[in-house]
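This report introduces the structure shown below to a reader who has not met it before. It treats the contacts between parts in turn, each under its own heading.

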Amino acid sequence: MAVEFGLTEEQELLRAEIRRFAEERILPGTAGRDRRHEFPADLVAEMGELGLLGMLIAERHGGGGVEPLTYCLAVEEVSRACPSLGVTMSVTNSVCGWPIDRFASEELKRRVLPGMASGQVLGGFCVTEPGSGSDAASMRATARRDGDSWVLEGEKAWITNAGPGGVFVAFAKTDPAAGKRGISAFVVTADAPGFRVGAPEEKLGLRASRTANVYFDGCRIPAGNLLGEEGQGLKIALATLDHSRLGIAAQSVGIHRRALELATAYARERVQFGVPIAEHQAIRFKLATMATELEAARALTWYAASVSEQRRDAGRFAAEAKAYASEAANRACWEALQIHGGNGFSEEYEVARLYRDVRVTTIYEGTSEMQRLVIARHLLGT
Amino acid sequence: MQIELSEEQQLLRDTVRRFAAEVVAPRAREIDASGEFPLDFFHRAGELGLAGVYVPEEYGGAGMDEVAYCVAIEEISRVCASSGVILSVNNSLVCDPLLAYGNEEQKRELLAPLASGRKLGCFALTEAEAGSDAAALRTRARRDGDRYILDGGKVFITNGTHADLALVFATVDPERKHRGITAFVVPTDAPGFSRGHHEYKLGVQASGTTQLFFEGTPVPAAWRLGEEGDGFKIAMAALDGGRVGIAAQAVGIAQGALEAALAYAKERHQFGRPISEFQAIQFYLADMAMEIDAARLLAFKAAWAKSQRKRYSLEAAQAKLFASEMAQRVTNKALQIHGGYGYTRDYAVERFFRDARITEIYEGTSEIQKLVISDWILRGA
């Protein structure tokens with residue numbers, strides 16, 4: 001054991017490769033895709049070929065089998081260039097590939113993981129419902145056993161990758177009387193009868209990621225698509241979210257980094273009162289604060305990843321990383337826009353999109369408020 | 001990357017934690033009230049290796065690394081911030097520059113007693129008219145054969161009331177601005193040396209802050225550190241390291257405040273239940289823990305970089321800026337959780353709240369840290 005902040009050579013190389021890919025292939029089209037609300041299926045396929053969509057899936061199923069920190073590095077690089085692709089990637093890896101790799105039967109893994117690992121099949125996570133957000137246990141979707149099948153009924157909301165996605169981890173009540181112990185987790189493929197996707201949501205940001213409702217209308221899936229045991233659904237959902245918070249923290253770090261880059265570049269070239277505005281202390285101090293909070297956010301994210309890597313309970317630290325990194329990134333984007341002045345309010349400048357994109361990071365995969373409850377429970381031992 | 005204390009560092013943490021609980025904590029409140037400098041604490045800390053944590057054993061230190069140093073300062077500051085800064089100054093601002101710039105004779109003669117805690121050091125840079133603008137200092141050093149003669153005065157010198165040795169920055173030629181600044185080790189029993197009164201402060205009351213005066217004070221040329229004109233560089237390098245120590249101190253103060261607030265929130269009942277059951281209080285506690293963890297990681301990162309002989313000025317400035325402002329917020333929330341009781345001297349949070357304030361000022365104000373950080377950013381670091 002040691003206190004050691006360096007990356008391995010392998011991590012450095014991977015990061016450099018993804019940074020180059022993001023710079024060359026992702027960033028140039030980010031503004032256009034946002035304007036057109038366009039989900040870039042081709043680019044996502046390229047990311048799949050690079051191995052970015054099955055990073056957390058075991059190697060024997062064709063995945064990358066990488067440690068959480070390596071994954072965080074990748075999400076940061078992609079999100080810096082395009083937060084929409086960041087979430088597309090994070091969702092398929094963290095909340096679909098990861099729980100299937102962790103909780104599915106061997107037979108189920110063999111059926112669905114190779115496609116996901118190769119990047120040809122995108123994944124999603126169906127827990128939220130119109131009436132059930134932070135209070136996930138209050139979900140109304142149901143699943144009943146019928147011979148060799150499970151039949152799902154219900155409506156899921158805000159499902160990232162609904163539409164392009166082919167595999168979903170979905171939660172429904174198998175024993176509604178048992179409350180939160182009556183929730184079970186399933187793998188639902190998009191070709192299952194009775195699976196339907198609603199119209200894409202129009203969102204404030206992340207417009208190049210696809211979000212829609214998912215409907216289960218007597219949706220029939222094989223009995224073997226149960227994840228874990230009956231009644232373990234909430235536990236699986238919470239374990240998944242504990243882990244996935246690393247992805248959103250890393251996404252936030254990537255956005256934050258981009259905001260700092262844009263603000264620094266603008267402050268160097270924008271001249272007011274006869275000097276670049278970077279020479280005014282008010283502007284310099286904003287940059288210093290943004291840079292410091294970026295380091296703090298990244299340190300918390302990496303630390304949570306390293307704790308998770310040691311298979312220790314990273315719940316508190318992942319919650320800290322997610323809450324801190326997302327809020328810091330929101331502050332950074334706010335300041336970056338402020339430094340741009342009126343230009344920042346124009347969609348001609350990248351910072352305006354970033355300001356819209358970043359907003360959801362304090363909300364999805366557990367609001368900041370839920371993260372604080374998680375942290376407080378750890379502190380109080382409740 | 002891995003952030004787990006090594007076995008040796010864990011052992012040090014446990015030892016220091018015990019020492020802090022048994023020796024430091026029982027007197028923390030009393031010396032805060034009286035302002036008495038805990039000289040015996042310093043000597044005992046020295047016996048544990050805490051006066052020169054990362055000084056090699058051959059020069060009287062504990063021979064550990066900068067991360068271990070952070071751990072030690074945090075554990076002491078968690079119960080008594082005055083004791084924390086006493087050690088931080090001796091380690092970072094006196095031992096460190098002697099280790100980095102001293103010649104062999106200076107290391108044996110001067111560093112060894114300081115690093116082993118037999119002698120107490122202080123760092124004399126700041127003057128009445130030279131705070132953040134350290135290069136404006138006016139204390140003069142005139143060469144006189146094989147010695148220098150010092151004239152001038154210093155202010156806000158931590159450990160100054162009891163220091164045996166002072167690392168003094170004086171100019172051999174004010175015209176040369178920072179290039180004239182030169183560092184000297186001055187024994188406090190030298191002729192023409194005197195101390196002012198003990199400053200009565202908002203916090204860190206027992207840290208022996210005072211003025212120092214030099215009136216024709218002779219210093220052997222052999223006790224000049226580095227060359228003439230090296231002083232500014234030596235001071236700035238020392239302060240880079242000092243910032244790691246102050247970041248660790250701020251983390252310790254905040255950790256002490258969080259633990260006090262947690263305990264209080266569990267036992268204090270209002271509206272028929274412990275206040276820890278209210279979301280408002282839970283969210284304060286969560287924010288406190290989150291920010292403390294972030295600050296500790298930044299301090300560790302700077303300390304690790306220093307231990308690897310990597311560039312760490314930026315990391316140290318960020319750690320110091322973040323940790324000190326964090327400590328201010330955290331102690332404020334801890335006091336708030338205590339309600340009216342937190343405003344009384346019956347509870348330690350009142351002291352933590354006062355003690356935290358200085359961490360945003362000494363060893364480079366937050367504003368100076370932001371200048372340092374933005375310089376790096378604009379240079380493309």
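## Two domains of chain B

Domain 1 of chain B and domain 3 of chain B bury about 2,300 Å² between them, and 60% of that area lies on carbon and sulfur atoms. The model is a predicted one. The domain assignment divides chain B into domain 1 (7-120), domain 2 (122-231) and domain 3 (232-378). Taken over C-alpha atoms, the centres of domain 1 and domain 3 of chain B are separated by 20 Å. Contact between these two domains involves 25 residues of domain 1 of chain B and 34 residues of domain 3 of chain B.

Between domain 1 and domain 3 of chain B there are 7 salt bridges. A salt bridge also links the side chains of Glu74(B) and Arg296(B), with an N to O distance of 2.9 Å. Residue pairs in polar contact between the two domains, both at pLDDT 80 or more, number 8. On the side of domain 1 of chain B that touches domain 3 of chain B, two or more residues come from each of α1 (7-34), α3 (66-77) and α4 (81-101) of chain B. The element that gives the most to this side is α4(B), with 9 residues. By class, the side of domain 1 of chain B that touches domain 3 of chain B consists of 15 nonpolar, 3 polar and 7 charged residues.

## The interface of chain A and chain B

Which area do the two chains bury between them? Chain A and chain B bury about 4,100 Å², with 70% of it on carbon and sulfur atoms. In this interface, 40 residues of chain A are in contact with 40 residues of chain B.

The rule finds 5 salt bridges across the interface of chain A and chain B. Arg316(A) and Asp293(B) form a salt bridge in which the closest N and O atoms are 2.9 Å apart. Between the chains, 13 residue pairs are in polar contact, both residues being at pLDDT 80 or more. The side of chain A that touches chain B receives at least two residues from each of β1 (3-4), α6 (233-269), α7 (281-309), α8 (315-340) and α10 (368-380) of chain A. Of the elements, α7(A) gives the most to this side, with 15 residues. The residues on the side of chain A that touches chain B are 24 nonpolar, 7 polar and 9 charged.

## Strand pairing between the chains

The two chains are also joined through strands: 2 bridges connect β1(A) to strand β1 (residues 2-3) of chain B, and the two strands run antiparallel. Glu4(A) has Gln2(B) as its bridge partner in β1(B).

## Paired strands within chain A

Strand β3 (residues 142-146) and strand β4 (residues 149-160) of chain A run antiparallel and are joined by 5 bridges. One residue of this pairing is Arg145(A), whose bridge partner in β4(A) is Trp150(A). The hairpin of β3(A) and β4(A) has 2 residues between the strands, and Gly147(A) there takes a positive phi near 65 degrees.

To which residue of β8(A) is Trp150(A) bridged? The bridge partner of Trp150(A) in β8(A) is Ile221(A). Strand β4(A) and strand β8 (residues 211-222) of chain A run antiparallel, with 10 bridges joining them. Trp150(A) is thus the bridge partner of Arg145(A) and of Ile221(A).

How values were computed:
Residues are numbered from 1 along each chain as its sequence is written. Chains are lettered from A and ligands numbered from 1 in the order in which they are written. Side-chain values use heavy atoms; hydrogens and water are left out. Contact means heavy atoms within 4.5 Å. Buried area is the accessible area (1.4 Å probe) that two parts lose on being put together, summed over both. A salt bridge is a side-chain nitrogen of Lys or Arg within 4 Å of a carboxyl oxygen of Asp or Glu. A polar contact is a pair of N or O atoms within 3.5 Å; within protein, one must be able to donate a hydrogen and the other to accept it, and residues adjacent in sequence count only if both atoms are side-chain atoms. Helices (H or I, at least four residues) and strands (E, at least two) are DSSP runs, numbered from the N terminus. Ala, Val, Leu, Ile, Met, Phe, Trp, Tyr, Cys and Pro count as nonpolar, Asp, Glu, Lys and Arg as charged, and the others, Gly among them, as polar. Two strands pair if DSSP finds at least two bridges between them. Domain bounds come from an automatic or database domain assignment.
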